[in-house]
Amino acid sequence: MGLLAPRDPVTLDRSFFARPALVVAPELLGCRIVHAGVTVRLTEVEAYAGEGADPGSHAFRGRTPRTEVMFGEAGHLYVYFSYGMHWCANAVCGDEGVAQAVLLRAGEVVAGHEVAAVRRAGVPERDWARGPARLTSTLAIDRAHDGIDVCGGGPVRFEPPTEPVEPACVRTGPRVGVSGPGGDGTAYPYRFWIEGERTVSAYRPGVIRRRTR
DNA sequence: CATCCGATTTCCT
DNA sequence: GGAAATCGGATGG
């Protein structure tokens, strides 16, 4: 398997997710997430390392009621509420007790166009899942799915790519919208995307916040 | 493309 | 009590 060969097919079982988020993240590119009649092929994700290791992570300062699922078993969804009106979804990674996750940032609808068109009425198709909150909106994922197991035959599931993603097309760079120390992203180039995809969200630097203590 | 601001939870002070 | 937030839609240039 040379550097330019397509990746081996992946099996999206629990052991797939029970690895470091930085390993899982690029392998999720091209995979599909299925829920409520719509299938999205992932084109952009972001890794979040664990407690104490990643100032951008919600789990940086340790366990809270909100972040509890991130510390739990891999292969569950961590869904959080953002800016008073949006929901964003992560796949929990790593060993139990290790709070790592991969944020599902963007993708393209590859099945269920009719359902998505109703759910996202008035929105151009390109934008249906172009952004983490748009993605969950199109898939009808919200608070009810926080903590849900995606490896156990439940309503939300992942599927491997139908066409392999060329590793040469995988790019990495600064995360989007992450504030706090390292918020410029350069210290944490944990975003991964597929080069040339129209659904990759526009880069917006995080607000660089002053030290809060 | 840039800027503006909404509407609400979470967690720190 | 209040700042900050893994954002997105609207509007203006």
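Visitor: Which residues come nearest to DNA strand B?
Guide: Keep in mind that we're looking at a predicted model. There are 11 residues around DNA strand B. Those that come nearest to the strand are Thr64, Arg66, Tyr83, Gly84 and Met85.

Visitor: What share of the atoms of DNA strand B that come within 4 Å of the protein is sugar and phosphate?
Guide: Here we just look at the strand's side of the meeting, taking the atoms of DNA strand B within 4 Å of the protein. Sugar and phosphate make up 63%.

Visitor: How many nonpolar, polar and charged residues does the surface near DNA strand B have?
Guide: Let's sort the surface near the strand by class. Charged residues number 4 and polar ones 3. The nonpolar count is 4.

Visitor: How far is the side chain of Thr64 from a phosphate oxygen of DNA strand B?
Guide: Thr64 is one of the residues that come nearest to the strand. On its side chain, the atom to look at is an N or O. From there to the phosphate oxygen is 2.2 Å.

Visitor: Which residue has a polar backbone atom 2.9 Å from a base nitrogen of DNA strand B?
Guide: Two backbone contacts are handy to look at together. Gly84 has a polar backbone atom 3.2 Å from a sugar or linking oxygen of the strand, so that isn't the base contact, given that the one you asked about goes to a base nitrogen at 2.9 Å. The residue with that contact is Tyr83.

Visitor: Is Tyr83 buried or exposed?
Guide: Tyr83 sits in the loop between strand 3 (77-82) and strand 4 (86-93). Its phi is positive, about 50°, although it is not a glycine. Most residues other than glycine have a negative phi. The relative accessible area of Tyr83 is 73%, and anything over 50% counts as exposed, so Tyr83 is exposed.

Visitor: Where is Ala36, another residue with a positive phi?
Guide: Ala36 has a phi near 50°, again in a residue other than glycine. With 35% relative accessibility, Ala36 counts as partly exposed. Its place is the loop between strand 1 (32-35) and strand 2 (38-48).

Visitor: How many residues apart are Arg14 and Asp149?
Guide: These two form a salt bridge, with their closest N and O atoms 2.9 Å apart. Arg14 is in helix 1 (residues 14-17), while Asp149 is in the loop between helix 4 (132-139) and strand 6 (157-159). So the pair links distant parts of the chain, and the separation is 135 residues.

Visitor: Which residue does Glu68 meet in a salt bridge?
Guide: Side chains of opposite charge can pair when their charged atoms come close. For Glu68, which is partly exposed at 36% relative accessible area, the N to O distance is 2.4 Å. The partner is Arg63.

Visitor: Are Asp127 and Arg130 buried or exposed?
Guide: Their side chains meet in a salt bridge, 3.6 Å from N to O. Asp127 has a relative accessible area of 16%, and Arg130 has 18%. Buried means under 20%, so both Asp127 and Arg130 are buried.

Visitor: Which residues do salt bridges that share partners join into one network?
Guide: The count for this model comes to 14 salt bridges. Where salt bridges share partners, they join residues into one network. Its members are Glu44, Glu46, Arg105 and Arg191.

Conventions. Residues are numbered from 1 along each chain as its sequence is written. Chains are lettered from A and ligands numbered from 1 in the order in which they are written. This is a predicted model: local features need pLDDT of at least 70, side-chain atom pairs count only at pLDDT 80 or more; totals for chains, interfaces and linings use all residues. Side-chain values use heavy atoms; hydrogens and water are left out. A residue is near a molecule or strand if one of its heavy atoms lies within 4 Å of it. A polar contact is a pair of N or O atoms within 3.5 Å; within protein, one must be able to donate a hydrogen and the other to accept it, and residues adjacent in sequence count only if both atoms are side-chain atoms. Ala, Val, Leu, Ile, Met, Phe, Trp, Tyr, Cys and Pro count as nonpolar, Asp, Glu, Lys and Arg as charged, and the others, Gly among them, as polar. A salt bridge is a side-chain nitrogen of Lys or Arg within 4 Å of a carboxyl oxygen of Asp or Glu. Helices (H or I, at least four residues) and strands (E, at least two) are DSSP runs, numbered from the N terminus. Buried means under 20% relative accessible area, exposed over 50%, partly exposed in between (1.4 Å probe, protein chains only).
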